[in-house]
Structure formats: C-alpha cells, structure tokens
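Trainee: I am new to this structure. Please pick one part, look at it closely, and then show me what lies around it.

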Amino acid sequence: MQRTYQLSEIAPTRAEGKLADLLLREGTVCHFAAGAMIQQQGDEGDGFWLIRSGTVTLCRFTPDGNVTVFGILGPNDLFGELAYFAGVSRQVDAVAEADATLVRIGASLIERLLASEPEFARWLLKSVSSQLRAALDRIEEERLLSARQRVIRLLVDMARRDGTTLTMSQQALGEHIGVSRITAGQILRALAARGLIQLHYRRIAVPDPDGLAALL
C-alpha cells in the first residue's frame, strides 16, 4: 500500500480549558481499538468528534489500495466540524492509529451549544478561519521546503502543540510528510546524532523544540 501526504500540518481545531470540559461533559464517550475505522469518506456529516486520548489518522483510501494521509491528531483535537458546518458528507476517513477514546458531539448538542454558549460559537468560527489561513500558507510553503526542512518543521510543530514526546514511528512520520521510510530515517538519525532528537520504538522525543526550529 502506497501512502502520500497532503496538507497534514494544518493545525486542527483544539478544545482546551472550559470548552474541553463542556464537550467532555455533554458529549457521548466512544472507545475504538487500534486500527478501527471511526468514520468513512461519504458518511453523513451529522456531528463531529473530540479526541480524549489516543491518536487518529485522517486519510483517504483509494480503490487501488493506496492511501493519502492528511493528518495525525491527538488529545483535545477535533475533527469533522468542517463537514458538519458545510452541510456535506465526510471528506476523509478517520482511523484509530492507537487505542483511542473519543467524544461524539452530535447535531442536537451542537445546535444547543451554539444557541446557549456564545463562547462556543466564537471559538468554532475562529478555529475554522485559522485553518483556512493555515492551509493557504502551507500550500505556498510546501513548494519551497526540502524533505529535511519538512521533517524538522513537523517535529517542531507537533512538539510545541502536543509536548516533547511524540507517539509516532519513523515510517508514520515519513508517510506524514510524503517521503519514504528510508529518507525519513536518514534525516531522523542525522538529527539524533547531533543531539537534537531522541529516537525510541514508535516514539520521537524532541527535548528542545526551539533549538530544532533554529535549523529552519
């Protein structure tokens, strides 16, 4: 199965603080084993999901067995909100990369929160507009960056967002930015030899994201 990468570094909607507590309290908790399909392209866009724990891959499977990876999301990230507000079917497949606990935010709950929680509405509008702006920026940047720069930028962005220990294999990272596992491994080993990252089984530690970012 061949994997390619498209726009995977666009920041997802993230729920934190009181908003995260609200969604966790009001939504429906669902558990998915590693490899389970959470949603499929073409499903009805009748709500969205909040990741409570674990990781989720957003992708598209093709009839010939290939897959395009759009992103790997983690705790407090949301997905599915764009399809819901656009009134269209699901545009991507979502697969549990590891065992995951998600909270489903259904249509009736969304409408109730929009009517009763102005901060919820402002937060969603701000996030959607930020994603659009980021998408345009990333499209332009991808034309200019080397594979090494894309690896570094992804590691820095994820470490700053999710913490300095990333649950991601070298192969997954390569798929994430559209390079082969061999190329990704060579870049990661070179960075590890300089003490900028630490490689473990299915984990990559980035102890100093700012120091790594200085290479960009």
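Mentor: A charge sits over a ring if NZ of Lys or CZ of Arg is within 6 Å of the ring centre and within 35 degrees of the ring normal. By that rule the charged end of Arg 104 sits over the ring of Trp 49, 5.6 Å from its centre. This is the part to look at.

The model is predicted: local features need pLDDT of at least 70 and side-chain atom pairs pLDDT 80 or more, while totals for chains, interfaces and linings use all residues. Residues are numbered from 1 along each chain as its sequence is written, and side-chain values use heavy atoms, with hydrogens and water left out.

Start with Trp 49. Rings of Phe, Tyr and Trp (its six-membered ring) pair if their centres lie within 6.5 Å; planes under 30 degrees apart are stacked, over 60 edge-to-face, and the rest tilted. The whole structure holds four aromatic pairs. In one of them, Phe 32 and Trp 49 meet edge-to-face, with 5.7 Å between centres and 80 degrees between planes. Phe 32 belongs to strand E2 (residues 28-32) and Trp 49 to strand E4, 17 residues apart, and the pair thus links distant parts of the chain. Helices (H or I, at least four residues) and strands (E, at least two) are DSSP runs numbered from the N terminus. Buried means under 20% relative accessible area with a 1.4 Å probe and protein chains only; over 50% is exposed, and between these partly exposed. Phe 32 is buried because its relative accessible area is 17%; Trp 49, at 7%, is therefore buried as well.

Another aromatic pair is tilted because the rings of Phe 120 and Trp 123 have planes at 45 degrees, with centres 5.8 Å apart. Both residues lie in helix H4 (residues 118-142), and because they are three residues apart, about one helical turn separates them. Phe 120 and Trp 123 are buried. Elsewhere, Phe 48, Tyr 84 and Phe 85 make up one aromatic cluster.

Now return to the sheet that holds Trp 49's strand. This open sheet of four strands runs in the order E2-E9-E4-E7, with antiparallel pairing; strands pair if DSSP finds at least two bridges between them. E2 and strand E7 (78-79) are the edges, and because each has a single partner strand, one side of each lacks a neighbour in the sheet. E2 and strand E9 (residues 100-106) run antiparallel and are joined by five bridges. Arg 104, the residue whose charge sits over Trp 49, is the bridge partner of Thr 28 from its place in E9.

Two helices pack on this sheet, where contact means heavy atoms within 4.5 Å. Axes are lines fitted to C-alpha atoms, for helices over the stretch in contact, with angles from 0 to 180 degrees between N-to-C directions. Helix H1 (residues 17-26) touches E2, E4, E7 and E9, and its direction makes about 105 degrees with that of E4. Helix H3 (residues 107-116) touches E4 and E9, at about 65 degrees to the direction of E9.

Following E4 along the chain leads to Thr 55, in the loop between E4 (47-53) and strand E5 (56-61). Thr 55 is buried because its relative accessibility is 14%. Leaving out residues up to four places away in sequence, the contacts of Thr 55 include Ile 72, Glu 97 and Ala 100. Under that limit, Ala 172 touches Ile 72 and Glu 97. The C-alpha atoms of Ala 172 and Glu 97 are 9.9 Å apart, although 75 residues separate them along the chain. Ala 172 lies in helix H6 (residues 170-177) and, at 8% relative accessible area, is therefore buried.

H6 also leads to the largest nonpolar core. A nonpolar core is a set of buried Ala, Val, Leu, Ile, Met, Phe, Trp, Tyr and Cys residues joined through side-chain atoms within 4.5 Å. The largest has 24 residues, and those touching the most other members include Leu 155, Leu 173 and Leu 212. Helix H5 (147-162), H6, helix H7 (181-193) and helix H8 (209-213) each supply at least two residues, and H5 gives the most, seven. A separate core of 17 residues includes Ala 15, Ile 110, Leu 113 and Phe 120, the last being the residue from the tilted pair.
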